[in-house]
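Work through the following exercises with the model open beside you. Each one sets a task and is followed by a solution in steps.

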Amino acid sequence: MKLDQQQTFFMTGSTGFLGQYILRDLLAEGQRVVAMLRPPVAESGGRLRAQMQAMGSPVERFLENRQLLLVEGMLPNHLPEIAWDRTDAVVNCAASLQLFSDAAGDPYRTNVAGMKAVLDWTDAHRIHRLHAVSTAYTCGWNSGLIREQFHTTEPRFQTDYEKSKWQAESLMADWASRPGRTVTLYRPSFLIGDSETGYTCQFAGFYQFARLVSVLKKQYFDPNNGAKTYIPLRIPGRPEDRQNIVPVDFASRMIAAIVLRPELHGRIYHLTNPEGPTNNMMKRCYEDYFGLHGGYFADPSEVIGKCSQAESLLWDQYHLLTPRVVHTPEFDTTHTREAMQAADIQFPELTPERVYMLFDFAAARDWGRHANGKTTSNR
Ligand SMILES: NC(=O)c1ccc[n+]([C@@H]2O[C@H](COP(=O)([O-])OP(=O)(O)OC[C@H]3O[C@@H](n4cnc5c(N)ncnc54)[C@H](OP(=O)(O)O)[C@@H]3O)[C@@H](O)[C@H]2O)c1
């Protein structure tokens with residue numbers, strides 16, 4: 001879809017994993033983007049160019065024809081003066097993905113104080129439309145069907161990150177309740193690489209676990225026993241539970257499509273996997289890909305904190321994400337399905353071949369350890 005009228009979006013977070021894809025998709029739709037980058041903009045602009053080149057969407061021509069403008073700014077205290085002609089909407093994709101509070105005050109400083117600063121800036125410039133990326137896990141420990149609505153009662157949270165994102169959502173709900181303002185909120189679950197190319201610049205969660213499996217394989221591999229390695233190993237979780245992993249390009253295509261369709265604004269969208277791979281399917285993928293066998297599912301309470309040496313290598317280092325093994329909420333996707341239909345977007349099914357392609361990409365970059373990517377825990 002190409003719109004007749006070009007709009008201008010003020011965007012934060014375009015150097016991020018999801019942000020670079022949203023930027024790519026908005027530019028491909030002919031839209032103008034004013035991207036706020038952290039100071040010094042010479043460094044962050046260089047980083048953005050290199051990343052966009054690496055994911056296959058160089059931005060030089062958009063910079064040359066001024067469809068993409070780079071401006072300096074940082075949350076929460078340094079948003080730019082407007083030196084361009086108009087801004088139709090704000091796309092806020094910047095966030096701190098720090099799971100627990102650090103000395104700098106993140107994730108609250110960027111996600112909550114930063115959100116407040118974005119809302120104040122938006123008001124000060126009389127901009128009435130905001131698109132913001134949150135997370136499906138602002139539901140905290142809530143279970144049952146999680147609706148595409150604000151969670152008005154504060155849930156219990158697993159991490160400071162989730163809590164900070166819930167607080168940011170509360171600020172947005174307040175802002176949107178005032179006349180003439182529209183917030184459209186996107187809640188992805190766990191993002192993984194590009195479903196077509198395997199590209200990722202974020203190597204947490206899904207990739208961190210695959211890397212640990214590869215380490216385990218190396219440690220226990222004995223050439224005298226052939227290519228397959230057997231280690232009796234308990235896997236905390238239920239075989240038929242589904243993993244809520246979502247290719248980054250699906251999330252960005254959905255966001256760009258909704259941003260450009262005013263009739264879809266003012267709602268919350270769960271950008272989650274309609275039928276994620278089961279733990280059992282992922283186990284088979286790990287077995288086939290790494291040649292590591294012998295794992296069997298067990299009750300998480302029996303495993304976590306009571307591990308054998310081989311199990312410790314996986315689960316001790318993976319402990320930040322193990323709550324997600326026991327908590328697998330079901331996300332309502334009524335709005336998302338309507339938007340998928342309106343924009344003719346299908347969810348890219350995670351077949352084993354696709355999973356192997358994602359592994360291949362990350363393995364070629366040593367699971368992010370030597371790439372210019374981020375290895376911190378995400379979501
Ligand atoms: N990744 C996931 O699995 C996942 C899942 C669910 C929801 N989300 C949400 O999706 C959004 C994008 O996440 P992501 O994965 O793209 O994160 P990311 O790769 O860590 O990128 C974060 C972006 O925010 C910018 N940023 C961070 N702190 C900032 C500050 N104080 N001021 C200005 N900019 C700042 C970063 O700039 P620098 O490059 O300069 O650091 C970067 O552009 C976030 O809202 C996140 O909560 C992500």
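**Exercise 1. Locate Asp-366 and Trp-367, describe their backbone, and decide for each whether the residue is buried or exposed.**

Solution. Begin with position: in this predicted model, Asp-366 belongs to the segment after helix 13 (352-364), and Trp-367 also lies in the segment after helix 13. Next, consider the backbone, where Asp-366, although not a glycine, has a positive phi of about 50°, and Trp-367, likewise not a glycine, has a positive phi of about 55°. The general background is that most residues other than glycine have a negative phi. Finally, count neighbours: Asp-366 has 12 C-beta neighbours inside 10 Å and therefore counts as exposed, whereas Trp-367 is buried because 21 other C-beta atoms lie within 10 Å. The cut-offs behind this step are 20 or more for buried and 12 or fewer for exposed.

**Exercise 2. Find which peptide bonds that end in Pro-40 and Pro-76 are cis, and place these two prolines among the helices and strands.**

Solution. Take Pro-40 to begin with: a cis peptide bond, with omega about -5°, joins Pro-39 to Pro-40, and Pro-40 sits in the loop between strand 2 (32-37) and helix 2 (41-54). Turning to Pro-76, the bond that leads from Leu-75 to Pro-76 is cis with omega near 0°, and Pro-76 is found in the loop between strand 3 (68-72) and strand 4 (89-92). As a general rule, most peptide bonds are trans.

**Exercise 3. Describe how domain 1 and domain 2 are laid out and how they meet.**

Solution. Start from the domain assignment, which gives domain 1 as 8-194 + 244-274 + 329-348 and domain 2 as 206-241 + 277-328 + 357-368. The separation follows: the C-alpha centres of domain 1 and domain 2 lie 32 Å apart. For the contact itself, 8 residues of domain 1 are in contact with 7 residues of domain 2. On the side of domain 1 that touches domain 2, the residues divide into 6 nonpolar, 2 polar and no charged.

**Exercise 4. Identify the largest nonpolar core, say which helix gives the most to it, and explain why it lies between the domains.**

Solution. The largest nonpolar core has 84 residues, and those with the most contacts inside it are Met-11, Leu-18, Ile-22 and Ala-251. Helix 7 (residues 248-259) gives the most to this core, contributing 8 residues. Because domain 1 and domain 2 both give residues to this core, it lies between them. For a closer look at one member, examine Ile-22, which, leaving aside its neighbours within four places in sequence, is in contact with Val-91, Cys-93, Ser-252, Ile-255 and Ala-256. Beside this there is a second, separate core of 5 residues, which includes Tyr-137, Cys-139, Ile-146 and Phe-331.

**Exercise 5. Characterise the shell around the ligand by its nearest residues, its composition and the elements that supply it.**

Solution. Of the 28 residues around the ligand, those that come nearest are Thr-15, Gly-16, Ala-94, Ala-95 and Leu-191. By composition, the residues of the shell divide into 12 nonpolar, 12 polar and 4 charged. By element, helix 1 (17-28), helix 4 (108-124) and strand 8 (190-192) each supply at least two residues, and helix 1 gives the most, with 3 residues.

**Exercise 6. Determine where Tyr-199 lies, whether this residue is buried or exposed, and which residues it touches.**

Solution. Tyr-199 is placed in the loop between strand 8 and helix 6 (206-220). With 22 C-beta neighbours inside 10 Å, Tyr-199 counts as buried. Not counting residues up to four places away in sequence, Tyr-199 touches Met-55, Gly-193, Asp-194 and Phe-361. For Met-55 the sequence separation from Tyr-199 is 144 residues, while their C-alpha atoms are 6.3 Å apart in space.

**Exercise 7. Assess the confidence of the model, and state how the stretch 372-379 should be treated.**

Solution. The mean pLDDT of the protein chain is 92, and 93% of its residues reach 70 or more. Over residues 372-379, however, the pLDDT is below 50, although this stretch has 26 contacts in the model beyond near neighbours in sequence. Where pLDDT is low, the predicted coordinates should not be read in detail.

Technical notes:
Residues numbered from 1 in each chain as written. Predicted model: local features only at pLDDT ≥ 70, side-chain atom pairs only at ≥ 80, totals over all residues. Domains from an automatic or database assignment. Contact = placed C-beta atoms within 7 Å. Nonpolar A, V, L, I, M, F, W, Y, C, P; charged D, E, K, R; others polar. Near = placed C-beta within 6 Å. Helix = DSSP H or I, 4+ residues; strand = E, 2+ residues; numbered from the N terminus. Core = buried A, V, L, I, M, F, W, Y, C linked by C-beta atoms within 7 Å. pLDDT = per-residue confidence, 0-100.
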